[in-house]
Amino acid sequence: MQNKKIKILSTGTLSNDIFEIANKESVELFDKPMIEITEHVSPFDSSKIKNLAAQKILAIFTSLHAVTPVIKHLKAIQSGYLTNDQPGAIPAIPSWDICCLDGKIKEAAIEYWEESSIIATAKNANELSEIILQKNSRYPIVFFCGNRRMDALPTMLANHPFGFEEIAVYQTILTPKTIKKYYDTVVFFSPSAVESFFSKNKLEKDIPVFCIGQTTSAEIKKYCNNKINIAKKASKKYIIEEAIKYFQTKKVQR
C-alpha cells in the first residue's frame, strides 16, 4: 500500500512558519478556525482598569487574549490617549502582583512588568488557583478574562477575603464549520474551539486528538472517548510538531 500524506486539521489559525514545518515533513496541514476572538473593553471596565492601575492588586491572566489588551489599555492610559488626563496620571508600570500561566502569557507579562512582579505561574488554571490560595495575598484579586471563561478559577477564588473581581477584556464567538474531509488528527487550543467543532462534527473512534491544557482535554471528553494527547508546552508550533512526530512514529497508512 502506498503511503499517504498525513492530514492534520487545526481548529485555530496557524502562522506561515508552522505551515512550512509541515510542508518540509510532507504533512498536509489545514487550519479552520472554530472561534473568533475580539478585544473588547467596555467604557465601564475601562474606568475600572484606570482606577486599578493606581492600586496594589493581584492580577490573574490565563489567556494571551487577556494580557495583551490589558497591557495595551494601560499603555494608552499612560499616554493620555484613552482619556483627557495628562500623561503620567498613573504609575509608569502599575504595581501589580501578577499570577499567570506559563509560556506565551508569562512572556507577554514580563515584557511589560518586571519579572519580579510575576509571583506565581502554573501550567493550568486549577494549579494556578491552588498556588494563589496558598499565598494568602492581602490584596484584592482581579481576574482578567473573556466572556466565555471557565468556572474553575473563579469558583476557587470567589471567597478571597480581600475581594475577587472579574473583568472581561475580550470576547469569544463560536464559528463552527462542518468538516467533510478525512483528517488523521484534529488539534484543539481551547475549550471554546472544542465546543464549536463538536456542535457540527463527530470524530471516528480511531482518530487521536491533540490539545493544549487540561481544561481543553476535559471539554473534549464531553464529546468523545478518543485518545487525547496533551501538549507539554502551550505553543501552537510545539503541538503541531508533536502531532507530526506522533504519526511519523506510527507510520500511518490509509
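Here are some numbered notes on this predicted model, going from its pockets to its cores and then to single residues.

1. Let's start with the open space. Rolling a probe the size of a water molecule over the atoms shows where empty space is left. Here the largest pocket has a volume of about 1,500 Å³. Its lining is made up of 49 residues, and those closest to the pocket centre are Thr62, Ser63, Ile105, Phe189 and Ile212. By type, the lining holds 22 nonpolar, 17 polar and ten charged residues.

2. The second largest pocket holds about 160 Å³ of space. Should you want to find it on screen, its lining consists of Ile179, Lys181, Tyr182, Tyr183, Val186, Phe197, Asn201, Lys202, Leu203, Glu204 and Ile207. Seven of these lining residues are nonpolar, one is polar and three are charged.

3. Next, the interior. The largest nonpolar core has 41 residues, and Ile60, Phe61, Trp96, Ile98, Trp113 and Phe144 are the ones that touch the most other members. Helix 3 (residues 64-79) supplies the largest share of this core, with six residues. Apart from it lies another core, of 19 residues, which includes Ala22, Val187, Phe210 and Ile244.

4. Trp113 is a good residue to click on if you want to see how the 41-residue core is put together. Leaving aside residues up to four places away in sequence, Trp113 touches Phe61, Val67, Ile71, Leu74, Ile93, Pro94, Trp96 and Ile98.

5. Helix 9 (residues 236-250) has 15 residues, so at 1.5 Å a residue it should span 21 Å; its end C-alpha atoms are 21 Å apart, in agreement with that figure. Buried residues in helix 9 are Tyr238, Ile239, Ile240, Ala243, Ile244, Tyr246 and Phe247. What do the buried residues of helix 9 pack against? Their partners are strand 1 (7-10), helix 1, strand 2, strand 9 (185-188), strand 10 (209-211) and strand 11 (228-230). Ile244, one of these buried residues, is also among the members of the 19-residue core.

6. Two backbone angles are worth a look. Most residues other than glycine have a negative phi, and most peptide bonds are trans. Ser26 is not a glycine, yet its phi is positive, at about 60°. Ser26 sits in the loop between helix 1 (16-24) and strand 2 (28-31). With a relative accessible area of 44%, which is under the 50% cut-off for exposed, Ser26 is partly exposed.

7. Asn136 is the other case: this residue has a positive phi of about 50° without being a glycine. You will find Asn136 in the loop between helix 5 (125-135) and strand 7 (141-146). Is Asn136 exposed or buried? Asn136 counts as exposed, because its relative accessibility is 61%.

8. Ile37 belongs to strand 3 (residues 35-39). Ile37 and Thr172 are 135 residues apart in sequence, but their C-alpha atoms are 4.8 Å apart in space. Besides Thr172, Ile37 touches His65, Tyr170 and Gln171, with residues up to four places away in sequence not counted. Ile37 is partly exposed, at 29% relative accessibility.

9. Lastly, Ser196 lies in helix 7 (residues 191-198). Its relative accessible area is 1%, so Ser196 counts as buried. Setting aside residues up to four places away in sequence, Ser196 touches Met34, Ile35, Leu174, Thr175 and Pro176.

Definitions and conventions. Residues numbered from 1 in each chain as written. Predicted model: local features only at pLDDT ≥ 70, side-chain atom pairs only at ≥ 80, totals over all residues. Heavy atoms only, no water. 1 Å grid on protein atoms, 1.4 Å probe; cavity = no way out; pocket = protein on both sides within 12 Å on 5 of 7 lines; lining within 4 Å. Points joined across faces, edges and corners; volume = space filled by probe spheres on them. Nonpolar A, V, L, I, M, F, W, Y, C, P; charged D, E, K, R; others polar. Helix = DSSP H or I, 4+ residues; strand = E, 2+ residues; numbered from the N terminus. Buried < 20%, exposed > 50% of the residue type's maximum accessible area, 1.4 Å probe, protein only. Core = buried A, V, L, I, M, F, W, Y, C linked by side-chain atoms within 4.5 Å. Contact = heavy atoms within 4.5 Å. Expected span 1.5 Å × (residues − 1).
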